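Reader: I would like to learn how to read charged pairs, a hairpin and annotated positions in a model. Please take them one at a time.

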2 protein chains.
Amino acid sequence: MKNADKVKVIPLGGLGEIGKNMTAIEYQNEIVVIDCGIAFPDEDMYGVDLVIPDITYLINNKDKVKGIFITHGHEDHIGSLPYILKQLNVPVYGTKLTLGLIENKLKEENMVSDCTLNCVKAGETVTIENLKVEFIRCTHSIADSCCLAIHTPVGVILHTGDFKIDYTPIDGLVMDLERISSLGKSGVLLLLADSTNVERQGHTISEKAIGETLDRIFLGAEGRVIVATFASNIHRMQQIINASIKYGRKVAFSGRSMENISQVAMELGYLHISDGQIICVDEIKNYPNEQITIITTGSQGEPMAALARISFSTHKKIKIEPKDLFIISASPIPGNEKLISRVINELFKKDAKVIYDDLEEVHVSGHAYQEELKLIHTLVHPKFFMPVHGEYRHLKHHAALAQKMGMKDENIFTLETGQVLEVSEDEASISGSVPTGSVYVDGLGVGDVGNIVLRDRKYLAEDGMLTVVVTLERESYSILAGPDIITRGFVYAKESEELINEIKAIVRRELDNCLDNRIIEWYILKTNMKKAVERFVYENTKRRPIILPIIMEI
Amino acid sequence: MKNADKVKVIPLGGLGEIGKNMTAIEYQNEIVVIDCGIAFPDEDMYGVDLVIPDITYLINNKDKVKGIFITHGHEDHIGSLPYILKQLNVPVYGTKLTLGLIENKLKEENMVSDCTLNCVKAGETVTIENLKVEFIRCTHSIADSCCLAIHTPVGVILHTGDFKIDYTPIDGLVMDLERISSLGKSGVLLLLADSTNVERQGHTISEKAIGETLDRIFLGAEGRVIVATFASNIHRMQQIINASIKYGRKVAFSGRSMENISQVAMELGYLHISDGQIICVDEIKNYPNEQITIITTGSQGEPMAALARISFSTHKKIKIEPKDLFIISASPIPGNEKLISRVINELFKKDAKVIYDDLEEVHVSGHAYQEELKLIHTLVHPKFFMPVHGEYRHLKHHAALAQKMGMKDENIFTLETGQVLEVSEDEASISGSVPTGSVYVDGLGVGDVGNIVLRDRKYLAEDGMLTVVVTLERESYSILAGPDIITRGFVYAKESEELINEIKAIVRRELDNCLDNRIIEWYILKTNMKKAVERFVYENTKRRPIILPIIMEI
């Protein structure tokens, strides 16, 4: 009864949000997981370093999970592995560069020896039992990216991963459209496709175009060239290296992830540069400026990354020099606009030249635009379609695009993270949901910061805090010490002495009132103190600091 | 000896930053001030509502200040008036609509009767004594905008204010290029020109183009049309009204500033709509959906504005209904991208249609692009040039543009806020600086939140706080109560009981250590406690909450 067979597709992250991409595909007693990414915190997730997916569902089905299959080596696809593998140590599959980057991550956590990393080449298929996972080469802003075709007894599920269609990729390895087309011909049950750039018309520009711009810029550069870009964009790195070599420049890598990833990419043969062309940052001073290129992290303006430190003169080894030319070869990820703008302004103030995307074409996107998506839909013409990787509006627009291409509305499923799509040969439907969500990583803590803590941080951030502390003697119903007021982030203490004294007076009045009536229950005392202070402070300042009443009792 | 005469130009805000535009022009015993704006706080200015310029220099030269001349009615040009006029009550000059908006602001602060507002028509000149201020019509994203020509005995200073060159403005009142040209012909000493869009090539699109897009969108709308835009963009409002009337829709205004400003604009004759066409939000339900347009605030995704409240179903009077069509007729101000994206996603989730700038041309900029700037430079061909209104990179690019147009580098002055440009008939130079900066408005407090408070708020936001409180008896060197630990925004208290207990133990050990050695100086006790807790917490959590040691003494 093959027809009764069903496969479940469960997005555990990446739908209705940017990042923490993770999808489980479940058939009977087998689950394969696609990707394991992190998301970066929103601005209201105060103090949170990273966000990882909640994998309760996988933990509850531990025995079924056969492996995690990684489409490519970007953080939003591999970044959660060090956390997730600690809870669920299953084999990881990926292409060579992807695994190199994962290994690098796991090394930092001393986890390499405990994890099973399996290298798969594009074109190869990993057979679990009933499920088979085929790696199909695609093009993206990182080398060695793949789409995954999951062959199930119910039919083929094609997950594009992140992709663009670059007909002239730097490494010459074009997307395997032939295989995708042949899968389409024999019938694809369900397509999951990248929605990031669905709002953009036309076709992405080839990475190669950037090479031409860089060449022109390098030609005119009189001093050092300092290029900030994403550390994982090895093709970009290669093009910067090519331009450098052409114009007689040595290349130095600056910033931890840039150094690490370039090292991995060189070792694995993805980045081509002879030893004599690379120098370390300490050697820069041994060469004239016009013979130096520095490739650096910080293209998002991150305050602690190398570029920001160079611009604000806090970098220990790289100081701005006359005729320095900076290239920001990246576009700001939404939310980072102001950070990168601040760095650019600072560079201009120090009289450096700066070239960025608003001025010259020094960056291209790695995600398919509308015409590329249409090509994939045309080649695959799946029975069912589920847009993935994007905010809700992107998913919705991608669904609309599929509909315009002729798909029936009832065959398109715009899910949110955690919803379960059950697919049989003839039918698909949303059949409920599994527990999912965001787990916050803050320092060493994973999941110990939740909504209450974040709410408190928000209030603290807005108006600071005000502690009222008093020592009481229970027997005599009397105040032994205090009330004292300590504030942080509320007002200048010195200039607000009067305000603080008034608050003290109010607290004392409230306390006296209670104690005179022989009330010494902490709860009542604290509530009364808090309310009185809150009211007074708000009336006088229109601020709502967190009020923390503390009673010490003797 | 006219040649020895000098005039000082002192930007008190708006250079090297977006917002709080304010420039003082000083000749002997006269100062005229141009504009008096606010800036919106950066994301690291936790809890700050507004930023206003520091006017210490004007206060110190109180007797010289003859008036504040306003170019147009945007917040970044008028928003500081309620604060500044309290410190420096001088006459304010502006065009009718500008004054209407200012009056509206002052009313809210009960300040109208104390202030002198003088209405000036475009084309008119206000004579102080030696200084004369001429209002010259320009076009911008708010009606009744002007450039200002300050006629001084040394020469003419032309300040463009914010402008674009719209050859087909909605009100038919084109920019007075004739007057600007004739000033240029007779010789302009110094040009101060808007730099906001200097990085954009070409020419801005006319506001009228939006009308055509709106018309097309309204034609196809089947339910209500809800348009979010800037409340001050009265031309946009007019075009929305025109499309509404054409397609038989009544118009309701939603959001406080939208209601206020539309009211002012109608009263003053800047917004044309017959009484029967306007309804209030409560009357919406009396009409079929296809006969309703709502013009609302919240185009930046501000969480408390009407649009966000509608989208998250927290608006009391406007609920999303089937076939609702939302138009976000604005582009996000840098920093607001995520906020507006959140609102758009929410609207899509609720099955509304949403049109925004990425999809259709529903917004145009109000600031001149490169070709418009070139026209102004060509017409004015000033002796000296100072780029204004923009981040440092914009000023720098504007300086480069002027240079490309043939100006000598030594005649271009890229200043920062607070620097003084001294100009004589033949020479100009930066002659020092005056005290300036940002004054933070937080609730009712103006200037009582500074860098220390903000630094604390930042730490509180990142990792929360941890209070250690203990009551000691001085005589006996003994602990009477505590140590108690109270945290906020640090960790889930319940799940971290062990951690908290360990911290208590550490504090007790430190205290015992001190007290055993007969040390009871608060400073030492507190420092030791703080350091020990800080170290322990960081090692165990990699977090740095603010540690607040409190000692009560009996």
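Author: Start with a charged residue at the surface. This is a predicted model, and in it Glu222(B) has a relative accessible area of 53%, so Glu222(B) is exposed, the cut-off being over 50%.

Reader: With which residue does the side chain of Glu222(B) meet in a salt bridge?

Author: Side chains of opposite charge can pair when their charged atoms come close. Here the partner of Glu222(B) is Lys323(B), at 3.6 Å, N to O. Glu222(B) sits in the loop between α6 and β13 of chain B and Lys323(B) in the loop between α9 and β17, so the salt bridge ties together parts that are 101 residues apart in sequence. Lys323(B) is exposed too, at 54% relative accessibility.

Reader: Which residues are joined into one network by salt bridges that share partners?

Author: The network consists of Asp42(A), Asp44(A), Lys338(B) and Arg342(B). Within it, the side chains of Asp44(A) and Arg342(B) meet at 3.5 Å, N to O. Asp44(A) belongs to the loop between β3 and β4 of chain A, while Arg342(B) belongs to helix α10 of chain B, so this pair joins two chains. Asp44(A) is partly exposed at 35%, and Arg342(B) is partly exposed at 30%. Over all chains, the structure holds 52 salt bridges.

Reader: Now the hairpin. In what sense do β24(B) and β25(B) pair, and over how many bridges?

Author: The two strands, residues 465-473 and 478-488 of chain B, are antiparallel, with 8 bridges. One of the partnerships is Thr471(B) with Ala481(B). Between the strands of this hairpin are 4 residues, and Tyr477(B) in the turn has a positive phi of about 50°.

Reader: Which residues make the nonpolar surface patch of about 260 Å²?

Author: Both chains contribute: Leu480(A) and Ile554(A), with Leu480(B) and Ile554(B). Leu480(A) lies in strand β25 of chain A and is partly exposed, with a relative accessible area of 31%.

Reader: Last, the annotated positions. Is Val364(A) buried or exposed?

Author: Val364(A) is buried, at 5% relative accessible area. An unreviewed UniProt entry carries a "binding site" annotation that covers several residues, including Ala231(A) and Val364(A). Val364(A) is in the loop between β18 and α11 of chain A; beyond its neighbours within four places in sequence, its contacts include Lys164(A), Glu207(A) and Arg236(A). Ala231(A), in the loop between β13 and α7, also counts as buried, at 11%. Leaving aside neighbours within four places, Ala231(A) touches Met237(A), Ser257(A), Met258(A) and Ile261(A).

How values were computed
Residues are numbered from 1 along each chain as its sequence is written. Chains are lettered from A and ligands numbered from 1 in the order in which they are written. This is a predicted model: local features need pLDDT of at least 70, side-chain atom pairs count only at pLDDT 80 or more; totals for chains, interfaces and linings use all residues. Side-chain values use heavy atoms; hydrogens and water are left out. Two strands pair if DSSP finds at least two bridges between them. Patches are made of residues with over 30% relative accessible area and no salt bridge: like charges are joined within 9 Å, nonpolar side chains (Val, Leu, Ile, Met, Phe, Trp, Tyr) within 5 Å. Accessible areas come from the Shrake-Rupley method with a 1.4 Å probe; for residues, only the protein chains shown count as cover. A salt bridge is a side-chain nitrogen of Lys or Arg within 4 Å of a carboxyl oxygen of Asp or Glu. Buried means under 20% relative accessible area, exposed over 50%, partly exposed in between (1.4 Å probe, protein chains only). UniProt positions are given in the numbering used here, feature names are shortened, and annotations may be inferred rather than shown by experiment. Contact means heavy atoms within 4.5 Å.
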